[in-house]
Every structure is written in C-alpha cells, then in structure tokens.
Amino acid sequence: MEQILEKLWNQYFFEQCAAIETEEERDLIKKAAMLHEKANKLINREQEDAVENYVNALCENESFFLKKAFFKGVRFAFSLLLETELLEK
C-alpha cells in the first residue's frame, strides 16, 4: 500500500496541491516574494545564506508533514470505508 500512496502523492496530488489556482494563493505568493526581497536588502550575504537555509529546512519539514498527513488521511478513510462496509453487512 505504501508504494501506491507514494505513486498517488508523487504523480497526482502533489502536483494538484501545488497548483496556484486562486487570487488568494497568488496574493500569498506575491507577499512572500515581497517580504523575501525586503529581508534580503536588510542583511548581508552570510546572513542571507543562513536565512535561506533555515527557510529551506522549514519547507522540507512542511512538505514531509503534509505528505505524512495525506498518507494518514488516506489510511483513515480506507479503514473507515472498510469498517462501514463490514458494519452494514
């Protein structure tokens, strides 16, 4: 089942979840880019690298936990469907 979930995540849901579709999403991205640019003007190159590494680590953490939540949600939904089907018989 793990391989199926990996394939589902990597080939479909991750792309679908990362798609920018709404004005709110565009505004959030613009705001982040603006804040990034502003911060980079206030710090030196060494500080910029440190902040960039920190942000990358946060993004990796978020991605890991999003994937973990997705897998747990699918497992929960599947077990709920199985249990419901078994209870109805």
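**Figure 1. Phe64 and its ring neighbour Phe65.** Phe64 is exposed, with a relative accessible area of 52%. That value is over the 50% cut-off for an exposed residue. This is a predicted model, and the structure holds three aromatic pairs. In one of them, Phe64 and Phe65 sit edge-to-face, with 5.2 Å centre to centre and 85 degrees between the planes. Phe65 is partly exposed, at a relative accessible area of 48%. If you are new to ring geometry, a pair of aromatic rings is described by the distance of the centres and the angle of the planes.

**Figure 2. The cluster of Trp9, Phe70 and Phe71.** Here, ring pairs link Trp9, Phe70 and Phe71 into a cluster. While you are looking at Trp9, keep in mind that helix α1 (residues 2–18) has the lowest mean pLDDT among the elements of the protein chain, at 81.

**Figure 3. Whole-chain view of the three helices.** Let us step back for a moment. The protein chain has three helices and zero strands, and its elements run α-α-α from the N terminus on. The radius of gyration is 19 Å, well over the 12 Å that the globule rule gives for 89 residues, so the chain is more spread out than a compact globule. Along the principal axes, the C-alpha atoms fill a box of roughly 65 × 30 × 20 Å. Of the 89 residues, 6% count as buried. The accessible surface comes to about 8000 Å², and 61% of it belongs to carbon and sulfur atoms. The average pLDDT is 89, and 96% of the residues score at least 70. Helix α2 (residues 23–42) has the highest mean pLDDT among the elements, at 94.

**Figure 4. A salt bridge between helix α3 and helix α1.** Searching the whole structure turns up five salt bridges. In this one, the side chains of Lys67 and Glu6 meet at 2.8 Å, N to O. The pair links distant parts of the chain, with Lys67 in helix α3 and Glu6 in helix α1, 61 residues apart. Lys67 counts as partly exposed at 23% relative accessibility, and Glu6 is partly exposed too, at 26%.

**Figure 5. Lys41 and Glu37 in helix α2.** The side chains of Lys41 and Glu37 meet in a salt bridge of 3.7 Å, N to O. Because they are four residues apart in helix α2, about one helical turn separates them. Lys41 counts as exposed, at 66% relative accessibility, whereas Glu37 counts as partly exposed, at 48%.

**Figure 6. The network around Arg45 and Asp49.** A salt bridge of 3.4 Å, N to O, joins the side chains of Arg45 and Asp49. These two residues of helix α3 are four residues apart, so they are separated by about one helical turn. Arg45 counts as exposed, at 55% relative accessibility, and Asp49 counts as partly exposed, at 33%. Salt bridges that share partners join Arg45, Glu48 and Asp49 into one network.

**Figure 7. A nonpolar patch on the surface.** Val51, Tyr54, Val55 and Leu58 form this patch, with about 350 Å² of accessible area together. Leu58 lies in helix α3 (residues 45–88). Leu58 is partly exposed, with a relative accessible area of 40%.

Note on methods
Residues are numbered from 1 along each chain as its sequence is written. This is a predicted model: local features need pLDDT of at least 70, side-chain atom pairs count only at pLDDT 80 or more; totals for chains, interfaces and linings use all residues. Side-chain values use heavy atoms; hydrogens and water are left out. Patches are made of residues with over 30% relative accessible area and no salt bridge: like charges are joined within 9 Å, nonpolar side chains (Val, Leu, Ile, Met, Phe, Trp, Tyr) within 5 Å. Accessible areas come from the Shrake-Rupley method with a 1.4 Å probe; for residues, only the protein chains shown count as cover. A salt bridge is a side-chain nitrogen of Lys or Arg within 4 Å of a carboxyl oxygen of Asp or Glu. Buried means under 20% relative accessible area, exposed over 50%, partly exposed in between (1.4 Å probe, protein chains only). Rings of Phe, Tyr and Trp (its six-membered ring) pair if their centres lie within 6.5 Å; planes under 30 degrees apart count as stacked, over 60 as edge-to-face and the rest as tilted. The radius of gyration is taken over C-alpha atoms; the globule rule is 2.2 Å times the number of residues to the power 0.38. pLDDT is the predictor's confidence in each residue, from 0 to 100.
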